[in-house]
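Here are some exercises to work through with the structure open beside you. Try each task yourself, then read the solution step by step.

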Amino acid sequence: VRRGVIDILASRKNWEVCAEAQDGEEAIQKAQESRPDLILLDISMPGMNGLEVARAVRQELADAKILIMSQHDAASLLPTAIQAGADGCVDKSRLATDLLSSIEGIA
């Protein structure tokens with residue numbers, strides 16, 4: 001999934017992927033180090049899940065946009081994601097069609 005997301009993001013020449021993480025702890029560490037404008041989190045990550053990471057990251061990076069990717073219905077997950085500090089959700093099965101517009105929508 002990560003490789004596919006990077007390929008989708010690479011279609012935007014003015015966007016740069018500044019870090020990747022394999023699990024929740026690494027995601028927090030990389031976010032603290034790179035201080036990105038946008039953080040994409042999978043809801044189902046090893047260790048801490050995407051909602052837990054969003055809560056932790058939101059405390060330090062108040063201005064960063066956070067988008068949660070999930071296999072579950074994004075619309076039903078959205079209230080929980082927002083409560084955790086995310087700015088939006090996108091369905092993993094629709095990444096090819098919805099990821100870029102979801103990012104632009106929260107940016």
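A nonpolar core is a set of buried Ala, Val, Leu, Ile, Met, Phe, Trp, Tyr and Cys residues joined through side-chain atoms within 4.5 Å. Buried means under 20% relative accessible area, exposed means over 50%, and partly exposed is in between, using a 1.4 Å probe and protein chains only. You're looking at a predicted model, where local features need pLDDT of at least 70, side-chain atom pairs count only at pLDDT 80 or more, and totals for chains, interfaces and linings use all residues. Residues are numbered from 1 along each chain as its sequence is written, and side-chain values use heavy atoms, with hydrogens and water left out.

**Exercise 1. Find the largest nonpolar core and the elements that build it.**

Step 1: Count the members: the largest nonpolar core has 22 residues.
Step 2: Pick out those with the most contacts inside this core, namely Ile39, Leu41, Val53, Val57, Ile66 and Ile68.
Step 3: Now name the elements, remembering that helices (H or I, at least four residues) and strands (E, at least two) are DSSP runs, numbered from the N terminus. Helix H2 (24-34), S1, helix H3 (50-60), S2 and helix H4 (74-84) each give two or more residues to the core.
Step 4: Don't stop there, as a second, separate core has eleven residues, including Ile8, Met69, Val90 and Leu95.
Step 5: Zoom in on Ile68, counting a contact when heavy atoms are within 4.5 Å. Setting aside residues up to four places away in sequence, Ile68 touches a whole list of partners, among them Leu41, Leu77, Ala81 and Cys89.

**Exercise 2. Work out which residues of H4 are buried and which are exposed.**

Step 1: The buried ones are Ala74, Leu77, Ala81 and Ala84.
Step 2: Why are they on the same side of H4? They cover an arc of only 65 degrees around the axis, where the arc is that of the directions from the helix axis to the C-beta atoms.
Step 3: Turn to the face away from the buried side of H4, and you meet the exposed residues Ala75, Ser76, Pro79 and Gln83.
Step 4: Check the partners: the buried residues of H4 pack against H3, S2 and strand S3 (88-91).
Step 5: Just after H4 comes Gly85, with a positive phi near 110 degrees.

**Exercise 3. Compare the span of H5 with its expected span, then find its buried side.**

Step 1: H5 has twelve residues, and from its first C-alpha to its last it reaches 15 Å.
Step 2: The expected span is 1.5 Å times one less than the number of residues. For H5 that gives 16 Å, and the model comes close to it.
Step 3: Leu95, Leu99, Leu100, Ser102, Ile103 and Ile106 are the buried residues of H5. Their arc is only 160 degrees around the axis, so they lie on the same side of H5.
Step 4: Thr97 and Gly105 are exposed on the other side of H5.
Step 5: The cover over the buried residues of H5 includes H1, S1, S2 and S3.

**Exercise 4. Locate Trp15 and list its contacts.**

Step 1: Trp15 is in the loop between H1 and H2.
Step 2: Its relative accessibility is 29%, so Trp15 counts as partly exposed.
Step 3: Leaving out neighbours within four places in sequence, Trp15 is in contact with Leu9, Leu100, Ile103 and Glu104.
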